[in-house]
Amino acid sequence: MTTDVVAGEGDDRKAVYITCGTIVALFGIYFPILRNMVHHWSVVEDYQHGFIIAPLDVYFAYQKRWELEDAKIEGSWLGLIPLVIGVTSLMIGRLGTELMTMRSGFLFTLIGLVLLLLGKEIFRILAFPLFFLFLMVPLPQSLVNTVAFPLQLIAAKSAVLSLQEIGIPALVEGNIIHLAHTELFVHEACSGLRSLMALITLGVVFAYFFKPGVLWVQLVLVASTIPIAIFVNAFRVALTGYLAHHDESLASGTIHDLQGVFTFVLAFIILLGEGRLIEFLTGLRDRSRDAGDAAGDAPA
């Protein structure tokens, strides 16, 4: 082993130690903000998927250990861009008491430190685990209110159309469903936002494992979680209306809670089916292309 190689390994080790120390300091600076975010996950059911983000992220990073071992450590000044965005977000968030901005500031700062101290190659390897962390940041309530109410209306209207199709008399008035013997209120909790957030996270994880390196398939799978979440939520509200039409007590309590689990499983099955369909179609395309190439190479 030459002196240069030993010196290079020593420099790399030093850069890793400095990065780890800086990240620990970053956690210390942002600790009150991060603690508040964890508390948010525990009290707002829409964001309880946040608890699984960090363990999954550690696993994703651990999977990259062999690539990281061989990667070249060479800090990049490009890291200053996300670093400045992170610090600015923290300042703006503090001035406006806007939690999402401050929480996102932590992630931008983390990304900036990795790129600045460890370089582009390490950043490229860790890009997915780093950006995956953004899924744990709760949305601001003003945005939730803007998104949730239209989702409530979509769920209510779709459910009423479904009930009418199977012969159950139902009318919709805003987010209220009028049945023959009772009324159903599609509250914010039934807007589907909760299942939408959880399903997007599930879609990202599913896409990551399903087709590693095939970006267009991954994007299609993740994007499709939005209509799937809206569909299964409308189905859930329609199912609640169906049960309430026959027995009002079935529209609440344990049965109602189990519907949420059932519809989430249904959403995952649809996502899985979509993945299999994409796999089948791409396989069909590849076989057709191979057959065309073989025909072109055949002697005349």
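**Exercise 1. Count the aromatic pairs in this model, then describe a stacked one and place it in the fold.**

Solution. The count comes to 18 aromatic pairs. Rings of Phe, Tyr and Trp (its six-membered ring) pair if their centres lie within 6.5 Å; planes under 30 degrees apart count as stacked, over 60 as edge-to-face and the rest as tilted. The model is predicted: local features need pLDDT of at least 70, side-chain atom pairs count only at pLDDT 80 or more, and totals for chains, interfaces and linings use all residues. Residues are numbered from 1 along each chain as its sequence is written, and side-chain values use heavy atoms, with hydrogens and water left out.

Step 1. Take Phe128 and Tyr208. Their rings are stacked, 4.3 Å centre to centre with 10° between the planes.

Step 2. Place the two residues. Phe128 belongs to helix H6 and Tyr208 to helix H8 (residues 193-210), so the pair ties together parts 80 residues apart in sequence. Helices (H or I, at least four residues) are DSSP runs, numbered from the N terminus.

Step 3. Check burial. Buried means under 20% relative accessible area, exposed over 50%, partly exposed in between (1.4 Å probe, protein chains only). Phe128, at 25%, is partly exposed. Tyr208, at 14%, is buried.

**Exercise 2. Characterise the pair Phe206 and Phe210.**

Solution. Step 1. The pair is stacked: 5.3 Å centre to centre, 20° between the planes.

Step 2. Both residues sit in helix H8, four residues apart, so about one helical turn separates them.

Step 3. Phe206 is buried at 13% relative accessible area. Phe210 is buried too, at 17%.

**Exercise 3. Which residues form one aromatic cluster with Phe128 and Tyr208?**

Solution. Tyr59, Phe60, Phe132 and Phe209 join Phe128 and Tyr208 in one cluster.

**Exercise 4. Describe the largest pocket by volume, lining and class.**

Solution. Step 1. On a 1 Å grid over the protein atoms alone, a pocket is an open set of points where a 1.4 Å probe fits, with protein on both sides within 12 Å along at least five of seven lines; lining residues have an atom within 4 Å of a point. The volume is about 970 Å³, taken as the space filled by probe spheres set on the points.

Step 2. The lining has 32 residues, with Ile23, Ala61, Val114, Leu126 and Leu130 nearest the centre. Helices H1 (3-43), H2 (50-63), H3 (65-70), H5 (99-118) and H6 (120-132) each give two or more. H1 gives the most, 13 residues.

Step 3. By class, 25 are nonpolar (Ala, Val, Leu, Ile, Met, Phe, Trp, Tyr, Cys and Pro), six charged (Asp, Glu, Lys and Arg) and one polar (the others, Gly among them).
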